[in-house]
Amino acid sequence: MSDSVGEERAATHSATEQDKHLAAMQDLTEAMAASGDTFEERVEPVLATGRKHLNFSSGYIGAASDGVQTVLANSGSVPGIAAGVERPLSDTYCKHTLRGSEIHVIHAASESMSDDQAYDESAPESYVGTVIRANGAVYGTLCFMNNDEPIAKLSDWQHTLLEHLAQWIESEVERELAVDTRDQSQRLLEATFDSPETFIGILEPDGTLVKANELSLEFIDAKPTDVLGEPAWEAAWWNHSDTAQQKCKDAVERASSGETVRFESSHPGADGRQISTSIVVRPVMAADAVEKVIIEATDITDLKQHESKIEFFNSILRHDVLNGMTVINSRAELLTDELSGSQAAHAETILDWGEDIVSLTEKIRTVLSALSADQPIDGQPVQIGPVVDSVLDRVATAGGNHSIETDLDWGISVRAGNLFEDVVKNILLNAVQHAGTNPNIEITTETTDSLVQLRIADDGPGIPPEQREAIFKEGEASSQATGTGFGLFFASVMISNYNGDIWVEDSDLGGSEFVIELPKQL
């Protein structure tokens, strides 16, 4: 009789538990189907379902990162728990959940958690939490709490319910992260498209303009409806010139075949100004087919004006300076033939320096042409010893009383160019002319596995540390210099073009020490 009664009670209990499980799953299904525009609106009904069937007064979802927990959504009321609240993870029960992989349950915090940092008199008395993962990584926790009431052991169906809750919330978190990523990408794309420095148009493969950024429209004072839906080359950016139109059309046709096309053009703006642009026309591929064509144009008006200035100064060097030096050198040659003794020596010095100036002018013209064409100056092997030897011969004719000692690795070579000798000459002349009367100068080399330093030291008054960078800038000179400072600026530019460096230190002789560092020719 008693066995029969026990079995009947167990069956009744089992049926009751099953009914609870079915009711919970039905409520969960309805909660998951509830619509909502935001993450909070979608998950709050699910949290409420969890509270109801797990017998907790509140529940929330928390993201964990860098030791901080951020509440994403909550249901019910617990002091200090609301969407957007941040707090140290160490002050939460969730830290224990994150350390394991199973459901973490605290039945009575006042009995088991009194020594825990997260526990105080206002802390929840009971807690259950499980880990939330997103895209395969731990993201945070789903947890439920009672402020004052302890809980008994969770039943099997409650464990199952909690697992379903966690799985659905994980999918919502991943969905939200995907939306955030997509929105961020969209914002980046829009920021790029609306660049204040680049003209951008998006075309169909046949050349029909479907979108133009604000900068492009402002330049021709047009509204989107004025240009969209028409061939790009018929808009005001291009229709001022048959040549410009044909360039654009040809580039679009080539891009529609999968080619990236680059060219330069000029365009009149609505305000009357004329600009030069560097243009890239490129295809956007999808499934091995051209889906769209993008035109990007960068304003290079300032660059073109810079190139024009370079060509202007190049022409001055070519005509005025070189023509003038031709006259000077021809007269110096006549004097060397007609004079004798010290006068002939003076005439020879004039001729030597004149030839140096002609040589340097030609070299500078070469550099200007290379810079104008944006061509790098290729380095070549240059031996240190012969360069210094040649420079010393020239400096000897500059006059003045000076003492120069050398301690060089004669055969060492650097990666430089044919203007390296002029650089060394400028630095050495700077020491001779500005290191005081009767200067003592030492020229030495130091080498490593990959670099060579040529050091030119003097015993002059030196250069204050605060001036050492400025003397290498255009138009600057040291406090002891009387010229324009072009020599040191020229030296700095050329050494930089040789992938080297140049700077000033204190000299052991008491003055300044110029250091030229260049790649070793291996």
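**View 1. Helix 8 against the strands it crosses in this predicted model.** Helix 8 (residues 242-256) lies across strand 7, strand 9, strand 10 (274-286) and strand 11, and runs at about 150° to strand 9; helices (H or I, at least four residues) and strands (E, at least two) are DSSP runs numbered from the N terminus. Axes are lines fitted to C-alpha atoms, for helices over the stretch in contact (heavy atoms within 4.5 Å), and angles run from 0 to 180 degrees between N-to-C directions.

**View 2. The open sheet of five strands.** The strand order is 8-7-11-10-9, with antiparallel pairing, where two strands pair if DSSP finds at least two bridges between them. Strand 8 (209-212) and strand 9 (261-268) are the edge strands, each pairing on one side only. Neighbouring strands of this sheet are turned by 25° against each other on average, direction ignored.

**View 3. The pairing of strand 7 with strand 11.** Six bridges join strand 7 (residues 198-203) and strand 11 (residues 289-299) in the antiparallel sense, and Ile-202 has Ile-294 in strand 11 as its bridge partner.

**View 4. The buried residues of helix 11.** Ile-384, Gly-385, Val-387, Val-388, Val-391 and Val-395 are buried in helix 11, that is, under 20% relative accessible area (1.4 Å probe, protein chains only). These buried residues fall within an arc of 160° seen down the helix axis, so they line one face of helix 11; the arc is that of the directions from the helix axis to the C-beta atoms. They pack against elements including strand 12 (380-383), helix 12 (420-434) and strand 16 (451-458).

**Notes.** Residues are numbered from 1 along each chain as its sequence is written, and side-chain values use heavy atoms, with hydrogens and water left out. In this predicted model, local features need pLDDT of at least 70 and side-chain atom pairs count only at pLDDT 80 or more, while totals for chains, interfaces and linings use all residues.

Technical notes: Buried means under 20% relative accessible area, exposed over 50%, partly exposed in between (1.4 Å probe, protein chains only).
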